[in-house]
Every structure is written in C-alpha cells, then in structure tokens.
Amino acid sequence: MKNGNHSAINEFILLGFSNLLSLQLFLFPMFLSTYLVTLAGNLIIIFLTLMDAALQTPMYFFLRNLSFLEICYTSVNIPKLLANLLWNHRTISFLGCATQTYFSFFLGGSECFLLASMAYDRYVAICKPLHYPVLMNRKVCMRLAAGSWLSGVFMSFGLTSMVFTLPFCGSNKINHFFCDIPPLLKLACGDTSIIETAVFMVATVFVTIPFMLILMSYIRIISTIMRMPEGEGRRKAFSTCSSHLIVVTLFFGSACVTYLKPNSSYSTDTDKFLSLFYTFFTPMLNPIIYSLRNKEVKGAFWRTMRKTWFC
Ligand SMILES: *[C@@H]1O[C@H](CO)[C@@H](O)[C@H](O)[C@H]1NC(C)=O
C-alpha cells in the first residue's frame with residue numbers, strides 16, 4: 001500500500017481532541033490510566049488462564065484469546081493518541097495511517113466474532129450441558145478462535161487497500177484520534193460511493209450478524225436460567241449474563257452507529273466520542289466484567305499469588 005502516483009499527500013494530521021484545549025491536561029492522565037488498567041487487567045487474565053489448573057476450560061481459552069486481542073487493539077491506537085496529547089505532534093505518515101487502519105479493522109472485526117464465539121460457548125454450557133464436552137472440544141475452540149482472527153485479517157485487508165488506493169489530494173487533517181475509515185473517506189477526492197457500500201456491507205456482516213447471534217444466545221441462556229429453581233445459583237448466572245450483555249451492547253452499539261450509517265450524515269465530533277467506547281472502555285471493562293467478578297478467577301488469582309510469594 002504505497003501512496004503511489006495518484007496521491008499528493010504523504011502524511012496526515014490527526015486532530016484528535018485538539019478542539020478541547022481546556023481539557024488537554026485532564027485527557028492525558030485519563031487516557032494513560034485507562035490504557036494502563038487495560039494492559040494490567042488483560043495481562044493478569046492471560047497469566048492466570050495459562051498458569052492455573054482450574055482455568056483450563058474453553059471459556060478461559062476464549063477469554064485469554066480476547067485479552068490478547070484487546071491488548072493488541074488498544075496498543076494500535078492509544079499510544080499514538082497519548083503521544084499526540086503529550087508532544088502535540090499530530091502528524092502520521094501515509095503508511096503509518098494505513099497500518100493503523102489495517103490493524104484496527106482487523107482486530108475490531110476479529111473481536112466481533114470472538115465475542116460471538118464466547119456467547120456460543122456459554123449457550124452450549126448452560127443450555128446443552130450434557131453435550132458440552134463434545135460440542136466444545138479443543139479442536140472446535142481452536143477453529144472458532146482461528147476463524148475469528150482470519151475473518152478480520154481478510155476483511156481488513158480488503159477495506160484498507162480499497163481506501164488507501166483512493167486519491168487524497170485535498171486537506172490532510174483527520175478529525176479523529178486514529179486513522180478510521182469514515183473520516184478518511186471525507187478526505188478522499190475520488191468517487192467513494194463503492195467503498196461506502198463496501199463498508200456498509202462489511203459492517204452488516206461483522207457487526208449485525210455476531211450481535212444477533214450473541215443476543216439469541218443470551219435470550220436462550222436467560223430463558224434457561226429462568227426455569228432453574230430460585231436461589232443463589234440462578235441469581236449469579238443471571239447477573240453474569242446481564243453484565244456480559246451490557247459490555248457487548250456497548251461495543252456493538254457504538255460500532256453500529258459509527259459504521260452502519262451513510263457517510264454523508266457522518267458527524268465527526270459525535271463519532272469521536274462514540275468510538276471511545278469501543279477503543280477505550282470495552283477493552284478496559286472486559287477483564288473486569290468477564291473475570292474479576294468471577295469466583296473461579298479470583299480463586300486462581302490468590303492461589304497464584306500465594307505460590308509466587310512462598311516459592
Ligand atoms: C488464540 O487462538 C488462536 C487460534 O486458535 C491460537 O493460535 C492462539 O494461540 C490463541 N492465543 C492465545 C493468547 O491464547
């Protein structure tokens with residue numbers, strides 16, 4: 001993906017939050033601490049699910065995969081944003097911008113299908129407990145995870161190469177904090193209608209379908225839980241499912257609004273704030289919601305702490 005002969009632009013300027021001058025001092029520590037909490041939470045999960053014997057189940061395999069993905073995903077966009085805030089150095093090279101777009105769509109797309117795989121895992125575990133060991137064997141888990149990653153790889157390659165072969169000849173100011181496709185399309189001077197359709201189709205496949213699958217899984221799960229006898233178990237299962245559903249809805253809801261609407265109605269300031277949900281908050285909340293509220297993970301945490309301190 002070179003800028004070739006039809007591009008007069010060889011670098012972009014990421015405006016980020018430069019319109020919020022009064023908030024600059026407050027934004028840097030806020031984003032930095034969010035990033036550090038995200039890294040720490042997800043690293044702890046990867047470490048525990050690798051080390052602890054009680055966490056060797058499909059659910060924790062997917063969780064480890066999700067944590068790994070979240071670390072990569074946040075590391076594509078956030079360090080650059082932090083550098084922009086700190087040094088006020090807002091330029092990004094053409095190739096850097098293409099790389100950032102490629103990785104954020106690759107990892108974002110993979111996350112959609114990984115979250116759907118996790119919901120399917122919970123659905124089989126709760127609604128078909130007798131078939132669980134057969135339906136969710138090691139091979140199936142590996143394939144679901146690998147399929148999620150590969151779908152993102154190919155989708156993002158397609159979209160990114162379409163966008164970066166467009167001619168960019170006007171302004172190079174991206175009103176966003178990372179190189180995202182909708183604000184880039186605003187800067188292209190060729191005909192963008194084919195790409196807009198492609199983005200819309202991809203968003204439908206990658207956002208709507210996994211979201212529907214997740215919703216269906218949780219509806220089945222909740223109706224199964226409702227038929228359980230009253231008690232602690234039922235209350236706990238219900239609270240776990242509802243917190244998963246909240247995180248998933250935040251992630252897919254913000255992505256839907258950003259990518260599923262026509263480009264002409266694209267309002268950059270609103271989208272900048274909406275995209276904070278899928279770039280900052282879900283990666284930070286996932287480890288908390290999926291595991292730190294979970295007894296098994298807490299048990300594993302204290303066991304591992306004891307082992308590392310006393311040996
Ligand atoms: C995630 O899943 C893929 C595909 O099955 C696997 O190759 C990879 O090692 C997993 N990553 C982690 C961190 O578990």
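A polar contact is a pair of N or O atoms within 3.5 Å. The exercises below use this cut-off on a predicted model.

**Exercise 1.** Find which residues surround the ligand, and sort them by class.

*Solution.* Step 1: the shell around the ligand consists of Phe61, Arg64, Asn65, Phe68, Met142, Ala145 and Ala146. Step 2: by class, these residues are five nonpolar, one polar and one charged. Step 3: α2 (58-87) and α5 (138-164) each supply at least two residues of this shell, and α2 gives the most, with four.

**Exercise 2.** Work out how far polar atoms of Asn65, Met142 and Arg64 lie from oxygen atoms of the ligand.

*Solution.* Step 1: for Asn65, a polar side-chain atom is 2.3 Å from a ligand oxygen. Step 2: for Met142, a polar backbone atom is 3.1 Å from an oxygen atom of the ligand. Step 3: for Arg64, an N or O atom of the side chain is 3.3 Å from a ligand oxygen. Step 4: the ligand taken alone exposes 370 Å², and the protein buries 64% of that.

**Exercise 3.** Describe the largest pocket and its lining.

*Solution.* Step 1: the volume of the largest pocket is about 500 Å³. Step 2: it has 21 lining residues, and those closest to its centre are Met59, Lys236, Thr240, Asn294 and Glu296. Step 3: α8 (232-259) gives the most to this lining, with seven residues. Step 4: the lining divides into nine nonpolar, six polar and six charged residues.

Technical notes:
Residues numbered from 1 in each chain as written. Predicted model: local features only at pLDDT ≥ 70, side-chain atom pairs only at ≥ 80, totals over all residues. Heavy atoms only, no water. Near = heavy atom within 4 Å. Polar contact = N/O pair within 3.5 Å; in protein donor to acceptor, adjacent residues only side chain to side chain. Areas by Shrake-Rupley, 256 points an atom, 1.4 Å probe, with all protein chains shown as cover. Nonpolar A, V, L, I, M, F, W, Y, C, P; charged D, E, K, R; others polar. 1 Å grid on protein atoms, 1.4 Å probe; cavity = no way out; pocket = protein on both sides within 12 Å on 5 of 7 lines; lining within 4 Å. Points joined across faces, edges and corners; volume = space filled by probe spheres on them.
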